[in-house]
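Open the model in your viewer and keep the selection tool at hand. The stops below go from one selection to the next.

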Amino acid sequence: MEVEKDTRLFPRSIKEVKELEKYYKKDITNIIEELGRWVNHKQFVHSKCYVIGNGLSRKNLDLEKVTRFHSNSKMPKTSFVIGCNYIYKDFIPDLIVAQDTKVLLQMVKDDLDIPVVAPLLKYNWARNNGQKDLRKFFCLRFPTYNMTRWNSGDIAIYMAALLGFKRIETIGFDGGASSIYRKDDGVSNVKAVITNRRIELIKNSFENVNINRYEDNLKKPSNNK
């Protein structure tokens, strides 16, 4: 059944990344190649991509075991991991998405060596604030206006689809006012219903992309509802 236009990011679903050039108004293939200077995602593109948020549900998870090894085994598996914000304090992903200015400043202080993706405005801010540059810093331009208010986690899922992954599994996307690295400050509040709506937008925008949620209690993923 044909998907309505307002339920996806682009006028039609995208099969190949190069098709996005008309929306980015730039050679999107070159943008992805630029990111490839720091991380060889292409060798993983046919495997699973884990996208890790910082919700409290992942507090007792062994992310290394979940994402890097087969279940109940010490055998390593092929996977790619995209994390958000301060995740590097506990776990080393292949790529980080961040847009909070406080987080970006701390990354500079920590001399982070993991590739970091930030939306254009935050990227420009970080580049012009007089601070030392992050070692591997990548600018992401949004192809559609309605993405400018997306959270880091939403953007991380989009990045997984943009990089060509067809099997995406999310961890720690709970929503709410608190996270592993942030107590309820009375200001921050990630709404799960909005994130789930954006996940549906991504599903409808890229052909054959499956986005599931990791459920530790069942030892298997289930479809987002």
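**Strands 5 and 4**

Start with strand 5, where Phe137 and Cys139 point one way, Phe138 and Leu140 point the other way, and all are buried. Bear in mind throughout that this is a predicted model. Now add strand 4 to the selection: it runs parallel to strand 5, and four bridges join the two. To see the register, pick Ala118, which stands opposite Cys139 in strand 5.

**Helix 2**

Select residues 28–35, which form helix 2; its buried residues are Ile28, Ile31, Ile32 and Leu35. Why do they sit on the same side of helix 2? They cover an arc of only 95 degrees around the axis, and this places them on one side. Next, show what these buried residues pack against: helix 1 (21–24), strand 3 (95–97), strand 4 (116–119), strand 5 (137–140) and helix 6 (152–162).

**The cores**

In soluble globular proteins, nonpolar side chains tend to be buried together. Here the largest nonpolar core has 41 residues, and Leu20, Ile82, Tyr158 and Met159 are those with the most contacts inside it. Two or more residues each come from helix 1, helix 2, strand 1 (48–52), strand 2 (79–84), strand 3, strand 5, helix 6 and helix 7 (192–205). Which element gives the largest share of this core? Select helix 6, which supplies eight residues.

Centre the view on Ile82. Leaving aside neighbours within four places in sequence, Ile82 is in contact with Cys49, Tyr50, Val51 and Ile52, with Pro93, Leu95 and Val97, and with Ala156, Met159, Ala160 and Leu163. A second core, separate from the one above, has 27 residues, including Tyr50, Leu63, Val81 and Tyr88.

**Salt bridges**

The model has ten salt bridges. Pick Glu169 and Lys48, whose side chains meet in a salt bridge at 2.9 Å, N to O. Glu169 is in strand 6 (residues 167–171) and Lys48 in strand 1, so this pair ties together parts that are 121 residues apart in sequence. Is Glu169 buried or exposed? Its relative accessibility is 3%, so Glu169 counts as buried.

Move to Asp110 and Lys89, another salt bridge, with the closest N and O atoms 3.8 Å apart. Asp110 is in the loop between helix 4 (101–109) and strand 4, and Lys89 is in the loop between strand 2 and strand 3, 21 residues apart. Both ends are partly exposed: Asp110 has a relative accessible area of 34%, and Lys89 has one of 47%.

Then select Asp113 and Lys136, whose side chains meet in a salt bridge of 3.6 Å, N to O. Asp113 lies in the loop between helix 4 and strand 4, while Lys136 lies in the loop between helix 5 (120–127) and strand 5, so the pair ties together parts that are 23 residues apart in sequence. Asp113 is partly exposed at 37% relative accessibility, as is Lys136 with a relative accessible area of 21%. Add Asp111 and Arg135 to the selection: salt bridges that share partners join Asp111, Asp113, Arg135 and Lys136 into one network.

**Confidence**

Finally, colour the chain by pLDDT. The protein chain averages 85, and 89% of the residues score at least 70. Over residues 217–222, pLDDT stays under 50, and the model has ten contacts beyond four places in sequence for this stretch.

Key. Residues numbered from 1 in each chain as written. Predicted model: local features only at pLDDT ≥ 70, side-chain atom pairs only at ≥ 80, totals over all residues. Heavy atoms only, no water. Buried < 20%, exposed > 50% of the residue type's maximum accessible area, 1.4 Å probe, protein only. Arc of directions from axis to C-beta. Contact = heavy atoms within 4.5 Å. pLDDT = per-residue confidence, 0-100. Core = buried A, V, L, I, M, F, W, Y, C linked by side-chain atoms within 4.5 Å. Pairing = 2+ DSSP bridges. Salt bridge = Lys/Arg side-chain N within 4 Å of Asp/Glu carboxyl O.
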